[in-house]
Amino acid sequence: MGIPSADWLVRPIGPVDEAEVSAVLAERFGVTGTVHDLGSQQDRNYRVRTETGDYVLKIANPAADPAALRAQCAAVERLADASGLRLPRAHAGVDGEVVQWLSAGGVELVCRLLDYVPGEPIMDSRYLAPPVVARLGELAGRVVAGLADFAGVEQERPQLWDLRNALTVVETLAPHLPDQERAARVLRASRAAHTLLEPFVDRLPVQVIHGDVTDNNVVCEPASDGRRMPVGVIDFGDLGLGWTVAELAVTCASVLHHHGAGPASVLPAVHAFHAVRPLANEEVDALWPLVVLRTSVMVVSGQYDTLLDPGNGYASVALDREWAMFEAAVSVPAEVMTAQLRHALGRPSAQLLPVAEHTLLPGLPDDVASLDLSVSSEELHTGRWLAPDAETVLARATLTAGRTAVRTRHGEFRLTRTTVDDSVPAATCALGVELHLTGPAEIRAPWAGTVTRHGDTGVTLHTGGLDLLLDGVAAEVQPGPVVSGRRLGTVAAHEGVRVLGIQLFRSCATGGRPPRFAPPELAAGWLEVCPDPTRLFLALDAPDASSSAPDDAPLSARDAQQAITEAELLERREHSFATVQEHYFETPPQIERGWRHHLVDTRGRGYLDMLNNVTILGHGHPGLGEAVHRQWRRLNTNSRFHYASVVELSERITGLLPAELDTVFLVNSGSEAVDLALRLAWAATGRQDVVAVEEAYHGWTYASDAVSTSIADNPNALASRPPWVHTVAAPNSYRGRHRGPQARRYAPEAAARIRELADQGRPLAAFVCEPYYGNAGGMALPDGYLRQVYEATRDVGGLCVADEVQVGYGRLGSHFWGFEQQGVVPDIVTVAKAMGNGHPLGAVITRRDIADAYRTQGYFFSSAGGSPVSSVVGLTVLDALRDEDLQTNAREIGAHLKGRLLELAERHALIGAVHGSGLYLGVEFVRDRESLEPATEETAAICDRLRELGVIVQPTSDRQCVLKIKPPLCLTRRSADVFADALDDVLTHGW
C-alpha cells in the first residue's frame, strides 16, 4: 500500500533513548532528574522529576519549525499574563534560548523544557457533567480571547490540524486506510459538511489559536464534589492561524466520546465560550460542520499514524475514541445541530414555507378535532398513555363521538411516546402530524415538484430543498414530475381505518429521511428542519385552544415557548413562592404527571420516583381518584358534623394497633400530629420537659420544630432549642459515638440521661423518637433501644411517643409499624404522609385516658382533619394497602433492592453502608471507609446525574451524604433493577 505524501503529513517520531534525554537535559538545560516517557501522537514528551520541581522535555517532530516552537512559547507567555490559567511556560537553556537541539538516531531534533503543569487530563471516557463541559468551553474562549491580537505566528505551509484544510486531509488519507468502509463514511460526511461550510469560509474570523483545547490537553483538579474541573491548558503544538470558531469546534468534538455523550452534550461548552468570546451568526452556522470535519480528520489521521508506526500505542488506543466522536458528530444532520445551536443562543432562524397553491386534502371538513396527546391531556389518565395503541384508541374514540376527522399536533411533546424504566430519554416531540379519517379523502399536490415512492403506501413530493412526506396513501400518480394540484391518490384504508401521516422536511446535505419524533434535547433543531404541515390541509385562523402556541407558529418558536414556559415558571415561583420552600435540583424539570412509581415532565421525559414516601400507593391511583371525586361531589365539611367515614377511619386505624391505643385524633399533617402528641403529653403529665433524639426531624410547628434536632433542616437546631427540650445522642450504629456491637451502649446512656433529668427536678413529660431512624437514612435502632428508653421514661412518669410519620404503614415490609420491630408499645403514635397518599391527612392515636386529659387545655379541633373527603382518602389508602398487598411488595422488592445495593457496595468504595429495611433504605457515601468522611458534595452531584438518567432521588441526613430511598410501595422488581443499574452506571462512569 502506498503512503500518501503532502506537506502537512508528518511521520511520527520514534522513541528517544532515555540516556540521551538525560544527557541533553544536563548539557543544554543544566537539569538532572528521572525521566518518564509520556507518549504522544507525533512528538515525544518526557516527564522530568527533579528535586526542585517537575518539567516536561518536549522533543519535536523533525518537521517542526524552530520559529513556530518559539512562537508557541511566546503565546504561552502572553496567555500566562492575561488568562489566569495554569500553562506550560518554557525554560531557557544554558545559552538563553528556549529551543535547543539534540541528536537521536542520526537525526537532529529540537526540544524545549517546559513547566510540568500539575493536574490530570480527562481524556478517559468517563462521563463529563455539564459544569465540566462548560469549563472546557470557557477555557477555549479564554485562550482565543487572550490570543486575539497575537501576531507571533507566520504560517508558511498548510497544517494537518488546521480545519481550513480538513477536506483535503480527509480526501488525501481516506483512500489509503485499511478500513475502507469507515473511510467511505468519513469521506461522505466530510464532503457534506464542507458543502455547508462553503458559504461562510470567507466571513469567518481568522487568528492565532491553540487548535487543540480538548479533554486531553487540559489539566484538572478535583472539585469538592469529586468532578475533575479543568484549570489549565497544555500542549501548544498545534498553535497556528485558523478560524476562531475552530477552537470551539475542536473542544466540542472532544466531548463526544465520553460516556453518555451526544450532540446536545456540547451545549454548555458553547454557552460558556460565547460568554467569553461572543459568536457571530456565521460562526454559529459553521460550528457543527467544523465539528464533523474535526472528527473526520481525527479518524483518518489516527489510522494513518498507526499505518506509519504500528507500534505507537498512544495512536492505536485513540482509534476507538476517535471513531466514537465521529459517530456522535454525524448522528444527527448538521443542519439540525445548527438550528439547535441557534436556538440555544437565542437566535432561531425563521424560514418561510412556499405558499401552497392547492389544499392537500380538498374534501376535508373545517371542524377537524385536535387530539391532546400532551403530558397535560385529560383523556390520557390512569396510565392509559402507556398502552402501545393509546393514540389510535383515543383517535377512534373521538371519531366515534361524531367527528369525521381528527388530527394530532405538530411540535407536541407526546405523553404517549414517553417511556418509563429507561435511562435514555424517549423521542417525544412530534415532527409531523397524523390525520385520522372515517371516510375516503383525495390527496392533491400543494405545489409542483417531483414524486417518488417509498414502501407500499409512501409518497414523497420533492420541491427544491423541501420534501413533503406522506404515509398511508393509496397512490395513483407515477414517480416523476407533477404539477400543482395534481391528484396524488387517496388516503388508504387499512382494516377499516384511514390514517395519513404528513411531514415536511428541509432536505439535509447528508440526505435520508427525518425521524417521526425527536428527543427533547434536540427538539428545537429538528422542528426547524421539519416545519409544521398543518396549514397544507387546514386553515388556522386562531390558536388551538389546547396548545400553548398557535399551530401555525414557526416551529422553532413553538419549542422556544415550551422552554421559556419552564424557565418563566421557575422565575415566577421565585417571585411569588417563598424561596425557603426549596425545590429539588438547581434546574428542576417541570413535573406535571405521575403514574404509580413514575413521574413525567412537560417534555415527556419519564422518571423513576425513588423519593416519594408520601405517595405510598403511587401516583395517579385510580381508586383513590374516583373515591375523592365521588365524595367531593357528595359532601365535604368538618368533623363536628356526624357522618360515617370519620368513624370508620378511626376504627380501622385503631384496629391496626395494640388494643390499648384505642382513641384517634385526625389532623392535616405530620407536623400537626407531633405537635398534638406533645400537647397531649403535657396535659396528661402536667409537665413540659421532653427528651428528643439528635439528628431527627419531626415537623415545623412550634412544638414539633422544638424537638427537631436535625441541623440539615435547621443549622441552629441544637443551639436554638427551648429549655424544656433535652437531647440524647443519635443511636447511629454506623458513624455515631458507638459503632457496630458497641451501639448497645446508646440505650443505657439515654435511659441514664432521662433519670438524671428527673433527679434534677425535671422529670419528663415525653420521650419522642422515630422507631426506625429516618433522618439518618433509614437506619434501624440498636436492638432493645426503645425497650430500655421507654422503661426509663415510664419510670419517671413520662409518656412514650412513636413518630411513625415516615416509617409507618408497612414501608418496612417486615412490620406495619416501626415500633413493632423494637417489640414495644408506645403511649402515643403519630402518623401522616402515607396515610393520605399525598392528601393532607395525619393522625394521633393514644389511650382514652391520655386523650381525655386534653380537656384540661380546652378543646381540640382541626378544620380539615377528618373531613369526609379526608376520611374517605384514609379509608381508600388502607383498602389499597390490603388489596394490593403492598406491605408484602415492600418486603420482597425491598429485599431484592437492598441485595443489589449491597453488591454495589462491594465494588464501589464510595458506598460506606447500605441502611434500612423494606422500601425504607439509605445508601451512605463516604470518601474514606476508615475515617467515614461524608461525601456530601459527591452525593448531590450523584443525584443530579441520576436525574439525567431518569431517576429522582435526593440526599438526607445531617451530613447530606445518604441517598434517601423511599419510593411508592408499588415499586416493581424491574424498576428496582433500573435504579440499581443507574446507580452502578454513575459510580462506574462518573457524575
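Start by selecting Val691 and Phe767: in this predicted model, Phe767 of S31 is the bridge partner of Val691. Now widen the selection to their strands. S29 (residues 690–693) and S31 (residues 766–769) run parallel as a pair, held by three bridges.

Next, bring up helix H18, residues 746–759. H18 packs on the sheet and touches S29, S30 and S31, with its direction at about 155 degrees to that of S30.

Now show the whole sheet. It's an open one with seven strands and mixed pairing, in the order S28-S36-S35-S34-S31-S29-S30. Color S28 (663–667) and S30 (725–728): these are the edge strands, and each has a single partner, so one side of each has no neighbour in the sheet. On average, neighbouring strands here are turned by 20 degrees against each other, direction ignored.

Time for some charges. The whole structure has 52 salt bridges, so let's pick out a few.

- Select Arg735 and Glu924. Their closest N and O atoms are 2.6 Å apart, making a salt bridge. This one ties together distant parts of the chain, with Arg735 in the loop between S30 and H18 and Glu924 in strand S38 (residues 920–925), 189 residues away. Arg735 is buried at 13% relative accessibility, and Glu924 is buried at 1%.
- Hop to Asp827 and Arg847, a salt bridge with closest N and O atoms 2.7 Å apart. Asp827 sits in the loop between helix H20 (818–821) and strand S35 (828–831), while Arg847 is in the loop between strand S36 (842–846) and helix H21 (848–853). Asp827 counts as buried, at 5% relative accessibility, whereas Arg847 is partly exposed at 23%.
- Then go to helix H23 (residues 886–907), where Arg907 and Glu903 are about one helical turn apart because they are separated by four residues. Their side chains form a salt bridge at 2.6 Å, N to O. Arg907 is partly exposed at 43% relative accessible area, and so is Glu903 at 30%.
- For a group, select Glu391, Arg414, Arg417, Glu434 and Arg516, which salt bridges with shared partners join into one network.

Last stop: Asp958, in the loop between strand S40 (954–956) and strand S41 (962–965). What is the nearest side chain of opposite charge to Asp958? That's Arg959, 5.4 Å away; Asp958 is buried yet has no salt bridge. Look instead for polar partners: its side chain has a polar contact of 3.3 Å with the side chain of Asn775, and a polar atom of the Asp958 side chain lies 3.3 Å from the backbone nitrogen of Ile711. Other residues touching Asp958 include Glu695, Thr709, Ser710 and Ala712.

Definitions and conventions
Residues numbered from 1 in each chain as written. Predicted model: local features only at pLDDT ≥ 70, side-chain atom pairs only at ≥ 80, totals over all residues. Heavy atoms only, no water. Helix = DSSP H or I, 4+ residues; strand = E, 2+ residues; numbered from the N terminus. Buried < 20%, exposed > 50% of the residue type's maximum accessible area, 1.4 Å probe, protein only. Lys, Arg positive; Asp, Glu negative; His and termini not counted. Salt bridge = Lys/Arg side-chain N within 4 Å of Asp/Glu carboxyl O. Polar contact = N/O pair within 3.5 Å; in protein donor to acceptor, adjacent residues only side chain to side chain. Contact = heavy atoms within 4.5 Å. Pairing = 2+ DSSP bridges. Axes fitted to C-alpha atoms, helices over the stretch in contact; angles between N-to-C directions. Lists of a residue's contacts leave out its neighbours within four places in sequence.
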